[in-house]
Amino acid sequence: MKNEDRRSERAGGGRAARGLLALLAMAVATAGCEVTNPGPVQDQFLNDAAARAGVVTGIKRSFSNALAAGCGSILGSTVASVTRELFPSGNPGTCGIDTREGVGDLSVEVEEQDFEWDDAQNARWVAEDAITRFDTTIEASAFESSPFVAEAMVWAGFANRLLGENFCEAVVDGSGLQPRSVFFERAEGHFTSAIGVASAAGRTDLVNAARAGRASVRAWQGDWSGAVDDAQSVPVDFEFEAEFAGVSQDQYNQFYWMRAAEPYRTGSVWNTPYEQYYTDYTDPRTPWSEDPDFEFGDLARFDMQVPFLRQEKYTSNAAGIDLADGREMILIRAEAQLRAGDWQDAIDLVNDELRATVGVDDWSVSSEEEAWTAFRFERGIELWLEARRLWDFYRWSEEGVPGQMQSLEDPSNPDTYLQSEPDYCISVPNSERETNDNVPTLSG
Amino acid sequence: MGLLLGGLLGLVAAMPLTAQQTGQVAGTVVDAATMRPLEGAQIVLQGTQMGALSNADGRYSIRGVPSGDYTVVARLIGFGQGTAPVTVQVGQTATADFELSEEALAMEEIVVTGEAGAARRKEVGNAISQVDVSQIDQSPVNVESLMQSQAPGLVISETAGSAGSGSTIRLRGNTSVTQGNQPLIYVDGVRIRSEAYPKNVPPVGYSGRSANVTASPLNDINPADIDRIEIIKGAAATTLYGTEASAGVIQIFTQRGTSAAPSYTLQLDQSMDHVLAFGPDPSDFPAEFRDEVEAKSHFGMDPWLRNSLGTKGTLSVRGGLQDLSYFFSGTAEVDQSPMPNDETDAGGVRGNFGWDAASNLHVQWNTSYNKRSIQQTPSGNNAHGLTLQVYRGDRNYVGSQEKAVIDSILDYDIDNTIDHLVTGLTTQYQPTTDISHRFTVGYDRASTEGRQVRPFGFILAPQGIMSNTVFTNETLTLDYAGSFAFDLSDAFRTTLSTGGQYIIDNQRTVTGYSQDFGGPGLPTLESGGLTLSYEDRIREDNAGFFFQNRLGFRDRVFLTGGVRFDGNSSFGEGITWDALEVYPKASLSYVISDEDFWPDELGSVKLRGAWGMAGRAPGAFDKVRTWDPLGGRLGQQPGFIPQNLGNPNLRPEKTQEIELGADMGLLNDRLSAEFTWYRARTYDALLPVSSVPSLGGWQNQIQNVGELLNRGVELSLNGQVVRNRDWQWDLGGSLSTNFAEVTDLGEATSFAVNDANEYIIEGHPVPVVLGWRVTNPDEVGEPIFARDTLGANQPQWVIQPRTRLRVPGGIVLQALGEFQLDYYIHDGSTENGIVRSVRWPTCIDVNAAIDAGNGDQLTALERARCIESSTRAGFFIHDASFFKLRNLSARLPLDGLLRNVYSGIGSASLTLSARNALRWIKDMPVFDPEMAGNYGSASEGSVNVDDEGDNNLGRSLSEHIPPPATFTATFRVSFQ
């Protein structure tokens, strides 16, 4: 090659090298740009006033998720199976009742309880975090009358009650193990605050919800007179619900979805006290029906194909679940009377205010023992499939109140297929024990 | 971007275009031992960018060569380099013929992948595998099957027999728990999407309403377009790729044009898929049950399985005009699969253009566009799927085992359309023989439309459901590498290199969902009473640059040191100078056999060692604390729920690897051997650390806390037992091991991945299968279970034997097998059946005993494997070791026959091949280990380590059919 050509090409090479270096420099300069992706909402945006309604919606969604939304290991179905509100009839995995929870084992070894605890704690934390966020982002005067604050407080109260009614011990914000009553104390505090803020905000519905919630947690702490005071202030037709929606399966009412036949049929009224009761009384509070297309559940449980009797209390995927209502207030007043020994008036109250209003025959009792037995079942009927029954069994067992369980919820009856001593509260699970240094692991 | 392209154009414009009077160089390339023509040999004029490829007759020509003296170099994978001096005169043809000898160690062979520019194989200190497509007689089904069993340390596991199902690819095992283990894929220097396409599944409800397999972008490439594939496996080799490369790099080089007259190649494939029998082995049962077991040869699937046909045609032309060379190809394919709704219709075109703008400047522009339309049958763990209905027998969800009833499942349409465009412009400028620049700008656009419809009246969703997901992934590659080589002394030569890459990855997913149609008809998204929409957009940028120096001593000892600096938008501090990650590397290569003291009879030996680091970036959102905007997902109320706790301190996890090895050519180059030992430690591994539930219930926080260890050996032996003009018998194979272990979980606790039987546990494989064993198997009574770690979930030993026999007449027989050994897999399909009291075919004898009233005489093991109340989840786990004959082929030359018809025939052949036609399974009692499907998400309670589909860390079986045996007849002819 001629030298002239080489010089020419080297000159070209120099220009090329400079061009390439310029390109590289541009690339590096471009590399300094920040990349921000849309979609997930960054935390600080929730401090904006316009986000408050969304924050409250998130609280409600988190609570429903913990209570009974979608499929899987959720408190609603766990409580229903141990207390035999429903009998396991199908898939123990997807949308069903876990094998061990189905026989009443709620010990720490059952991994499903990780999710139940995590979701319930999440519901509590989301509500309480919102209160803290509102406290720091709303002026003090406006805070005291903000409907968003009031609503967050109400949900914080119910989230604490959900934990207290179902878990054996309390852990709050990374604390050590505490008595479960701590959840009731926190719930009462939130409800009391909510009553003040909701009143200032003119939200009667939230005032009633907070009073109804406070009535229950006061009762669970032994403050029956305080509970009755609150209960009497709540209109008998008042209802406050956890919300569900038919938009997607993860927000369906779980009890509805368990009875749906596409494709799972995982909980049946068969072999529960409510099967025969509804046959005898046709009480609209515990309806069930046979499925014309499917005689049995999705799969065999306990080595048998379980007849599929579907609950008819929740007949849509968006059906709400009562958290507090005026009818439960009647029960609180009646239980206060029973505890005071006034069993005749207690049963009269139940018969007049609850059973007569739905057109079913009165309970006929002739002793305190029978009154308690009837009352205990009445709570089951009134609060059927609302994730409240586990706490009833626990506290009545602990206190040794008079009366009997229904035969098909009594573990001494082999037909229940329950273990001999079912757990009536859920142990603080490994998900907390293995991450929280203040809570001992199973091995101590 | 515009500036960059403008700069590029300016660069090209700046190049000197010398117009001179020219001549040409031409000749032939043949095998020195057999004198057979060698196709695909690369012929270059040393010190220039000018070159050509030999055609099927071994002929080549390089046009437009300026007059002067040149050294012509001929290279072909597996052969020693040939050189010849020529003098080119204006208007004349200078001849340079080559007789290349097969060489066990092709020391002069040029490799690119993992190198700063290019390097001779003798200079490289790490193991590098090359797949020479011209040496593979079988017409591969796709690129994955082309690569399968072709390199030690490369494990390609098939996933199911469904149309479009991609495989799982691992290079030296799992080096990441959370960030995926799919190697980076490059095509002609352009990075393309590596991960599988998203699974076609509705955005709401159970994530298994699908065919539960995912397609691989790799398989969009037409295997017939490929020239060769380079594979580098560990961090010691992939350092220059930086943050995303710890799982290895696969680079595909497609064919290029020549400066010769046009040469056409036509390839026609006719294939048939046949599903080998699966289900229990009748010989395992007493004689009275064998007929009943035999009747379940495909587990009841016989009425729905077919011997499916596929037809594929590819036409390509290669040639050149003066300074331009071109390669065009077009392909069309119609391929059914054994399942009744399965079919793939595919087509594609490619245009590769080369332009010698000057003798020292080459511009290459390669572009391909492929389209695949894949119809699938619902399958896998899908209660609305065909396989599940059949396997579940009388406990299925349609309430009947009648074929007519189950056929109604086939109304469920699952359609996938894939469009894939890859284009890249590479400029190579060599101003002197010692200086080179290479700049590539590339663009990859891989998009899918995943549409599925359960129509109004569908048996399991009577009101109807449909969804449509449009996914687009764009990757922009800017890549520069420059080298300057000079002699320090007579003995020492140094090569300085520098370069940089900028990769922008953009993903967009828009999904529509609709349910509750008003009535029959063909619905669209707006047909439903309820419609939902979703959108995801993720951009991730990675920028890096590197420096490298290679010091050569007497052309036999090469010491290389380099360092790469990387920034990534997903790092906690984003892309900033302060947050650059550093990945150093060093390697040594020593061709000891070039020493004077080395006896010739010991053959040629290269010793090598390499140390280096590469990384894996966290996910795009992992650093930010975010809330999930509910949109309409609580009725109509918008809201926020916790999503990601975020970790602003995230950095990439880093894999540091050392490998030592030797390449040997023995017995007069009749035996080649490669041995590599490697040890890779991944530190700062990104693991999900469970947050304290009572502190908010944020599920997991990704933290740099873990440590993994991968170690193993790779041995490859290939020998020529017989070699003469008429006969050739090659025998060889490879063996590789991989032992991956979680050595430190840091703050993380043990956790499950995938179907909750595969776990990440300190001191165990990545992942380990955790399951239940029966401790009293032979005792009459209820089983006693003990939970135990059973073993690795990935094959720890892989053996790939091969042989090739050429007989007189030029007929070539090839066989290639693969053992995947020493791993365990959970049979979820059997478990799902047993826990639903399905009368499982493996339990025919047990059920007979129960029916006869002898259930109380059953042993604990019999009860555990057949009785719902006696078994438990996680019991059905087996040693999944297997062997498959991946390829058996016979190639019959037809050149002579066809040349009698048309003299322009270059080469012609008919190849008959069988893939996966022979199988041995060690311990799986029912199914094939390669029917795990791709689920793309973890089950409840396990960590969703990857949501792409093919990167599932663990594998377990579900309700699929195994990959079929494929029998193919391939007619291939080249002509002018």
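Two strands pair if DSSP finds at least two bridges between them. Strands (E, at least two residues) and helices (H or I, at least four residues) are DSSP runs, numbered from the N terminus. This is a predicted model: local features need pLDDT of at least 70, side-chain atom pairs count only at pLDDT 80 or more, and totals for chains, interfaces and linings use all residues. Residues are numbered from 1 along each chain as its sequence is written, chains are lettered from A and ligands numbered from 1 in the order in which they are written, and side-chain values use heavy atoms, with hydrogens and water left out.

**Stop 1: a sheet in chain B**

Select strands E3, E2, E5 and E6 of chain B. They form an open sheet of four strands in the order E3-E2-E5-E6, with antiparallel pairing. At the edges are E3 (51-53) and E6 (82-88) of chain B, each pairing on one side only. From one strand to the next, the twist averages 20° (axes are lines fitted to C-alpha atoms, and angles run from 0 to 180 degrees between N-to-C directions).

Now keep E2 (residues 42-45) and E5 (residues 68-75) of chain B. Four bridges join these antiparallel strands. Pick B:Gln42: its bridge partner in E5(B) is B:Arg75.

**Stop 2: strand E11 of chain B**

Select residues 129-132 of chain B, which make up strand E11. B:Ser129 and B:Val131 point one way, B:Gln130 and B:Asp132 the other, and all are buried (under 20% relative accessible area; exposed is over 50%, partly exposed in between; 1.4 Å probe, protein chains only). Add strand E16 (residues 226-232) of chain B, which runs antiparallel to E11(B) and is joined to it by four bridges. Opposite B:Asp132 in E16(B) stands B:Arg228.

**Stop 3: B:Glu930**

Go to the loop between strands E48 (919-921) and E49 (956-957) of chain B, where B:Glu930 sits. Is B:Glu930 buried or exposed? B:Glu930 counts as buried because its relative accessibility is 1%. Show B:Glu158 too: its backbone nitrogen lies 2.8 Å from a polar atom of the B:Glu930 side chain.

**Stop 4: helix H12 of chain A**

Select residues 326-339 of chain A, helix H12. Its 14 residues should span 20 Å at 1.5 Å a residue (1.5 Å times one less than the number of residues), and the end C-alpha atoms are 20 Å apart, which agrees. Eleven of the 14 residues are buried, so H12(A) is mostly covered. Among them are A:Arg327, A:Glu328 and A:Glu335.

At the start of H12(A), a side-chain oxygen of A:Asp325 reaches to within 3.1 Å of the backbone nitrogen of A:Arg327. Finish at A:Gly341, which follows H12(A) and has a positive phi, near 85°.

Definitions and conventions. A polar contact is a pair of N or O atoms within 3.5 Å; within protein, one must be able to donate a hydrogen and the other to accept it, and residues adjacent in sequence count only if both atoms are side-chain atoms.
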